[in-house]
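Student: Could you take me through one part of this model closely, and then connect that part to its surroundings? I would like the terms defined as you go.

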Amino acid sequence: MLKPIIALASVCFFGFVSLAQPVNSAAVLARKQVPVLCYHQIRNWRASDKQADKDYIIPPATFKAHIKMLADSGYHTILPDELYDYLTKGTPLPAKPIMLTFDDTDGDQFEIARPELIKYGFKGVYFITTIDIGKNKHYMDRKQIKQLSDEGNIIACHTLDHSNFKKFKGRDWETQIDKPTKKLEAITGKPIKYFAFPFGEWNSKGLPELHKRGFKAAFQLTDRRDPNDPIMTIRRLLGCGYWSAKTLDYNIKHDFGHPAQKEGILAKVK
Ligand SMILES: [Zn+2]
């Protein structure tokens, strides 16, 4: 039996008021999923990079090929509010919608992804680990995050230090979510309404904590969505560094393109 999740109104420290409406989870599950891509580091591989790391490190030329393929194929980037309205209310989306997300505050997302997205009129979502802001030259600083926000991209929460959501208890909610959210709201001057699970790791038990805090939706990786709370377990496809643009195209179509298919299975093509 699927029950609607009632999201409570909440007021965050910065003064933003979030009044999320009750979400009908059955309706969310019934709608065709929109592809959401997830990128991390954008840099050339080093000899020390292991194969598993290359899921998270995409060479700039490959990244540019991915984005060009999306533009040439007629995809339109959407932002989380549009995805939320589509999933919860059926609000129509542009043709061939896709969402581009970037995790972990990497500076090359500003240096390399930002101009590439601007070239095609695309927008993105940046999930920030607040401990990394301005930490060293490899990470974005406050000014860059503010600029991304001012330019119409969405800044969102990815915890303080990339801790595992499944292990949160007691004060962790404040340290890992409340304070980082407040910091991002102070930087951007906007409410922070979306969350991504570090490592894509989540458990059903913790999801009400996100509703309580006024988050509208949360993003994982490719696990099956929580049937009782799909809005807090939206799936994302890793834009792997070793996928050609053609492979990405194939995986978007085959992993997200067919609502009846089994979730969580990625095509293995070169
Ligand atoms: Zn991450």
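Tutor: A good place to begin is the loop between β7 (97-103) and α4 (107-119), where Thr105 lies; helices (H or I, at least four residues) and strands (E, at least two) are DSSP runs, numbered from the N terminus. Residues are numbered from 1 along each chain as its sequence is written. Because this is a predicted model, local features need pLDDT of at least 70 and side-chain atom pairs count only at pLDDT 80 or more, whereas totals for chains, interfaces and linings use all residues.

Thr105 has a phi near 70 degrees, which is positive although the residue is not glycine. Most residues other than glycine have a negative phi. Thr105 is also buried, with 26 other C-beta atoms within 10 Å (buried means 20 or more other C-beta atoms within 10 Å of a residue's own, exposed 12 or fewer, and partly exposed in between, with C-beta atoms placed from the backbone).

The two elements that flank this loop, β7 and α4, are among those against which the buried residues of helix α2 pack, and β4 (41-42), β5 (57-58) and α8 (245-256) are the others named there. Helix α2 covers residues 60-72, and its 13 residues should span 18 Å at 1.5 Å a residue, in agreement with the 18 Å between its end C-alpha atoms (the expected span is 1.5 Å times one less than the number of residues). The buried residues of α2 are Thr62, Phe63, His66, Ile67 and Leu70. Seen down the axis of α2, these buried residues fall within an arc of 135 degrees, so they line one face of the helix; the arc is that of the directions from the helix axis to the C-beta atoms. The face turned away from that buried side carries the exposed residues Ala61 and Asp72, and just after α2, Gly74 takes a positive phi of about 85 degrees.

A second threonine can be read in a similar way: Thr159 lies in the loop between β9 (154-157) and α6 (172-188), has a positive phi near 75 degrees, and is buried, with 24 other C-beta atoms within 10 Å.

As for confidence, the mean pLDDT of the chain is 89, and 87% of its residues reach 70 or more (pLDDT is the predictor's confidence in each residue, from 0 to 100). Over residues 1-15, however, the pLDDT is below 50, although this stretch has 35 contacts in the model beyond near neighbours in sequence, a contact being two residues whose C-beta atoms, placed from the backbone, lie within 7 Å.
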